[in-house]
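Trainee: Could you show me how to read a small protein model, one feature at a time?

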Amino acid sequence: MKVTVDANKCVSSGNCVLNDPEVFDQDEEAGVVILLQENPSPEHAAAVHAAALACPGRAITVED
């Protein structure tokens, strides 16, 4: 699995971090998404996909 984020699309909702704080974080000042793991392990698959679906800005892309 490969995860990419587009910080320009991020609306700082924090849904990504709520779904998987081991893969996503937020910049403390700007509030935009920070990708912690570009290639997370398989046990993160469900949470990463949930984060992508929950992102109102559609800033997260997941390739399986």
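Mentor: We will go from the overall fold to the core, then to one helix and one residue. Keep in mind that this is a predicted model.

Trainee: Thanks! Which elements does the protein have, and in what order do they run from the N terminus?

Mentor: Start with the count: the protein has two helices and four strands. Read from the N terminus, they follow the order β-α-β-β-α-β. The radius of gyration is 10 Å, close to the 11 Å that the globule rule gives for 64 residues, so the protein is as compact as a globular protein of that length. For the extent along the principal axes, the C-alpha trace spans about 30 × 20 × 15 Å.

Trainee: And how much of the protein counts as buried?

Mentor: Of its 64 residues, 30% do. On the outside, the protein exposes about 3800 Å², with carbon and sulfur atoms supplying 48% of that area. Contacts tell you about the chain path too: among those with a separation of 6 or more, 54% join residues 24 or more positions apart.

Trainee: Now the interior. Which residues of the largest nonpolar core touch the most other members?

Mentor: Look for the well-connected members. Here the core holds 13 residues, and Cys16, Phe24, Val48 and Ile60 touch the most other members. Two elements, helix 2 (45-54) and strand 4 (60-63), each give two or more residues to this core. Helix 2 gives the most, with three residues. As for Cys16, leaving aside neighbours within four places in sequence, its contacts are Phe24, Val33, Ala51 and Ile60.

Trainee: Where on helix 2 do the buried residues sit?

Mentor: First list them, then check their directions around the axis. Val48, Ala51 and Ala52 are buried in helix 2. These residues cover an arc of only 100° around the axis, which puts them on the same side of the helix. Ala46 and Leu53, on the other side of helix 2, are exposed. The cover over the buried residues includes strand 1 (2-5), helix 1 (15-19), strand 2 (24-26) and strand 4.

Trainee: Let me try a single residue. What is the relative accessible area of isoleucine 34?

Mentor: Its value is 33%; because buried means under 20% and exposed over 50%, isoleucine 34 is partly exposed. Isoleucine 34 belongs to strand 3 (residues 33-35). Beyond neighbours within four places in sequence, isoleucine 34 is in contact with Val23, Phe24, Asp25, Gln26 and Asp27.

Trainee: How far apart in space are isoleucine 34 and serine 13?

Mentor: From C-alpha to C-alpha they are 13 Å apart, with their positions 21 residues apart in sequence numbering.

Key. Residues are numbered from 1 along each chain as its sequence is written. This is a predicted model: local features need pLDDT of at least 70, side-chain atom pairs count only at pLDDT 80 or more; totals for chains, interfaces and linings use all residues. Side-chain values use heavy atoms; hydrogens and water are left out. A nonpolar core is a set of buried Ala, Val, Leu, Ile, Met, Phe, Trp, Tyr and Cys residues joined through side-chain atoms within 4.5 Å. Buried means under 20% relative accessible area, exposed over 50%, partly exposed in between (1.4 Å probe, protein chains only). Contact means heavy atoms within 4.5 Å. The arc is that of the directions from the helix axis to the C-beta atoms. The radius of gyration is taken over C-alpha atoms; the globule rule is 2.2 Å times the number of residues to the power 0.38. Accessible areas come from the Shrake-Rupley method with a 1.4 Å probe; for residues, only the protein chains shown count as cover.
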